[in-house]
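The following exercises are to be worked with the sequence and the coordinates at hand. Each consists of a task and a solution in steps.

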Amino acid sequence: MTNADVAQAFFEIADLLEIGGEKSFRVTSYRRAARAISDLADDITDIAARGELAAIEGIGKSTAAKITELLETGRVAYRDELAEKVPLSTLELLKIPNMGPKKVALLFREKGVDSLTALQQAIDDGALADLKGFGPKSIDKIREGIDFLRKAAGRTRLGQAWPLAERLRALVAEMPGVQRVEHAGSLRRGRETVGDLDLLCIADNGAEVIAAFTTLPLVDKVLAAGDTKGSILTDGADGPAMQIDLRVVPAQHFGAAWQYFTGSKEHNVRLRELAVRRGWSLNEYSLSEGEKIIAAATEEEIYAALELPWVPPELREDRGEFDLRATPTDLVTVADIRGDLHMHTTASDGRFSIEEMAEAARARGYAYICITDHSQSSVVAGGLKPDALRRHIEAIRAANERVDGIEIWAGSEVDILADGQLDYDDDLLAELDWVVASNHHYLHDDRDENTQRALRAIRNPYVNVLAHPTGRMIGRRSAKPLDLPAIAQAAAETGTALEINAAHQRLDLKDQHARLAVEHGAVLSINCDAHHIEGFEQIVYGVLTARRGWIRPEQVVNTWTAEKVRAFVAAKRA
Ligand code: DGT
Ligand code: CA
Ligand code: CA
Ligand code: ZN
């Protein structure tokens, strides 16, 4: 059980208490405990094993006992008791954008609304008309929110699916008889959300492999188990609950199967058309002319027989990848990344020091990083007042002296204010090596206003990258309207980068936006926005997103040498 799972249980207890009308101090104390758990740098199971739970600030004796109970039995009896009075399905309502526990409490206690379906029904019946705080406008917003949730339902964010997929791949690789295992489907294509996971392996003892697969400890339910295909639901205990399909194929047909099950369906339809035009057929077994197999063992042979270069999976969406003149062959890779230019330390809302972040980055082989803690307007995130930033700059310079093997630059993630101005004066910005500009507070539904603010920030000579430009949160908050072509053009003209924020909740810019930005001449910066040393691992999601946007390495500033990045900054300031 991870820290996040344990924290989740206590957030739920707090929510259930609040919805049930419990006194606010009790609610607050559970929420504080949940936050303390999710902020722990250590593994909570280790802390529990050492008997040190009650020593964690924000956790009292009774909470410590509940944590122990959860770790030992997988449940908390108190939560189950609460759920008898306030059904767990009320928690679904909290996923609606802008719907907090107070509003849900009102819905539940005044109108008996205890699930998404019940809420939909109540809205359709006009049953909420007399409820305070639920005017026609907010009802419309709620309706939109429900639609949004329904659309996102059943899909898992890439950043949650990926670690589970890697774990499963390792498990299957260990099974007797398995010679090779690969990911297929939307995960291999790097889609930002994934429906189910598709694994493919080479083995001659299919039935045995499937039997081992369908009896793995993480299996919650077996959906199918045959000689060549198995399908399971994972229990969601460690990672998301997902459907996993495993197919077993012989080596001589592996390429055809891998190509077929990687998809997308749209790409495959086009590829099959090319085959049919030659009088051939293409399916998961082979590319064939009648009985005669033309290609089957590798993807490369199949594409080559159709006079195509091997198409990287991220491009297989029927978005123009069959046009040989346009398709890039050298997409950016994780190995091309030389540094990260957006991250946080304990100076604002990060969890590690400057040195710890630097050492983690150096271990990844990075040549440079830029420390970009929050600016003063981001009060909740611990934003720095000008004097504090000046001291932080000194601390960063000193750390740069002490740490060998990597350059540590001083930067800031500066808020864009309501009028498009920045949160620090230019003379303070001038002391920084690199400036990230973020609109955390003023991205609304007005496209023109959003665009004007972004343009004004981009035109500031000290701003080097516009962070997470559309402000979206996958499955929670859609991209805000922006004139991206105008923004990309201004970015290109002024020598400002646009970010692909690689944090898996964001992936902002997204694939198609990144492609559009580069088509308008802009360069990108793929940053993890790490708040934790493990945050750097998310670079893979940012790179996959870039590859889906057809991005080549030279279009990404943090694939450049430190010297070239410095020249990019100097050119804008000059
Ligand atoms: P997902 O799981 O919804 O995120 O998306 P995919 O792309 O992983 O789709 P999935 O799991 O249904 O199937 C995996 C691949 O198998 C899919 O990308 C293409 C191939 N495939 C599945 N069914 C069909 C089909 O009916 N026709 C064709 N041409 N390909 C199919
Ligand atoms: Ca799939
Ligand atoms: Ca599937
Ligand atoms: Zn940030």
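**Exercise 1. Enclosed space**

Task: State the volume of the second largest cavity, identify the residues that line it, and classify them.

Solution.
Step 1. The second largest cavity holds about 50 Å³ of space; the model in which it is found is a predicted one.
Step 2. Its lining is made up of Gly190, Arg191, Glu192, Arg472, Leu507, Lys510, Asp511, Thr545 and Arg548.
Step 3. By class, this lining comprises 1 nonpolar, 2 polar and 6 charged residues.
Step 4. For the setting, the whole structure contains 3 cavities of 30 Å³ or more, and the largest cavity encloses about 70 Å³.
Step 5. The lining of the largest cavity includes Ile416, Asn439, His468 and Leu482. That lining divides into 7 nonpolar, 3 polar and no charged residues.

**Exercise 2. The second largest pocket**

Task: Describe the second largest pocket by volume, by the residues closest to its centre, and by the helices that contribute to its lining.

Solution.
Step 1. The volume of the second largest pocket is about 360 Å³.
Step 2. The lining has 17 residues, of which Arg189, Phe261, Gly263, Ser264 and Lys265 are the closest to the centre of the pocket.
Step 3. At least two lining residues come from each of α10 (185-188), α12 (254-262) and α13 (265-277). The largest share, 4 residues, is that of α13.
Step 4. Sorted by class, the lining of this pocket contains 3 nonpolar, 7 polar and 7 charged residues.

**Exercise 3. The zinc site**

Task: List the protein donors of the zinc ion (ligand 4), assign the geometry, and locate Glu413 and Asp529 in the fold.

Solution.
Step 1. The zinc ion (ligand 4) has as protein donors His342 (NE2), His344 (NE2), Glu413 (OE) and Asp529 (OD), at 2.1 to 2.2 Å.
Step 2. Four donors count as tetrahedral if all angles lie between 85 and 135 degrees. The 4 donor atoms of the zinc ion (ligand 4) give angles of 83 to 167 degrees, and the site is irregular.
Step 3. Along the chain, the donors follow the spacing H-x1-H-x68-E-x115-D.
Step 4. Glu413 belongs to strand β13 (residues 407-415), while Asp529 is in the loop between β17 (523-527) and α21 (539-548); the pair therefore ties together parts that are 116 residues apart in sequence.
Step 5. Glu413 and Asp529 are both buried.

**Exercise 4. Two calcium ions and a shared residue**

Task: Give the protein donors of the calcium ion (ligand 2) and of the calcium ion (ligand 3), and determine which residue bridges the two ions.

Solution.
Step 1. For the calcium ion (ligand 2), the protein donors are Asp196 (O), Asp196 (OD) and Asp198 (OD), 2.2 to 2.6 Å from the ion.
Step 2. Around the calcium ion (ligand 2) there are 6 donor atoms, and because their angles run from 70 to 166 degrees the arrangement is irregular.
Step 3. The calcium ion (ligand 3) is coordinated at 2.3 to 2.7 Å by Asp196 (OD), Asp196 (OD), Asp198 (OD) and Asp245 (OD). Its donor residues are spaced D-x1-D-x46-D in sequence.
Step 4. The bridging residue is Asp196, and the two calcium ions, ligand 3 and ligand 2, lie 3.7 Å apart.
Step 5. Asp196 is placed in the loop between β3 (193-194) and β4 (197-202), and Asp245 in strand β7 (residues 243-249), so this pair ties together parts that are 49 residues apart in sequence.
Step 6. Asp196 has a relative accessibility of 22% and counts as partly exposed. Asp198, at 13%, is buried, and Asp245, at 5%, is likewise buried.

**Exercise 5. Helix α9**

Task: Test whether the length of helix α9 agrees with a span of 1.5 Å a residue, and name its buried residues.

Solution.
Step 1. Helix α9 covers residues 158-173, which are 16 residues.
Step 2. The expected span is 1.5 Å times one less than the number of residues, which gives 22 Å for α9.
Step 3. The end C-alpha atoms of α9 are 22 Å apart, in agreement with that expectation.
Step 4. The buried residues of α9 are Leu158, Gly159, Ala161, Trp162, Leu164, Ala165, Leu168 and Val172.

Key:
Residues numbered from 1 in each chain as written. Chains lettered and ligands numbered in written order. Predicted model: local features only at pLDDT ≥ 70, side-chain atom pairs only at ≥ 80, totals over all residues. Heavy atoms only, no water. Buried < 20%, exposed > 50% of the residue type's maximum accessible area, 1.4 Å probe, protein only. Donors = N, O, S within 2.8 Å, 3.2 Å for Na, K, Ca; no water. Tetrahedral: all angles 85-135°; square planar, octahedral: opposite > 155°, others 65-115°. 1 Å grid on protein atoms, 1.4 Å probe; cavity = no way out; pocket = protein on both sides within 12 Å on 5 of 7 lines; lining within 4 Å. Points joined across faces, edges and corners; volume = space filled by probe spheres on them. Nonpolar A, V, L, I, M, F, W, Y, C, P; charged D, E, K, R; others polar.
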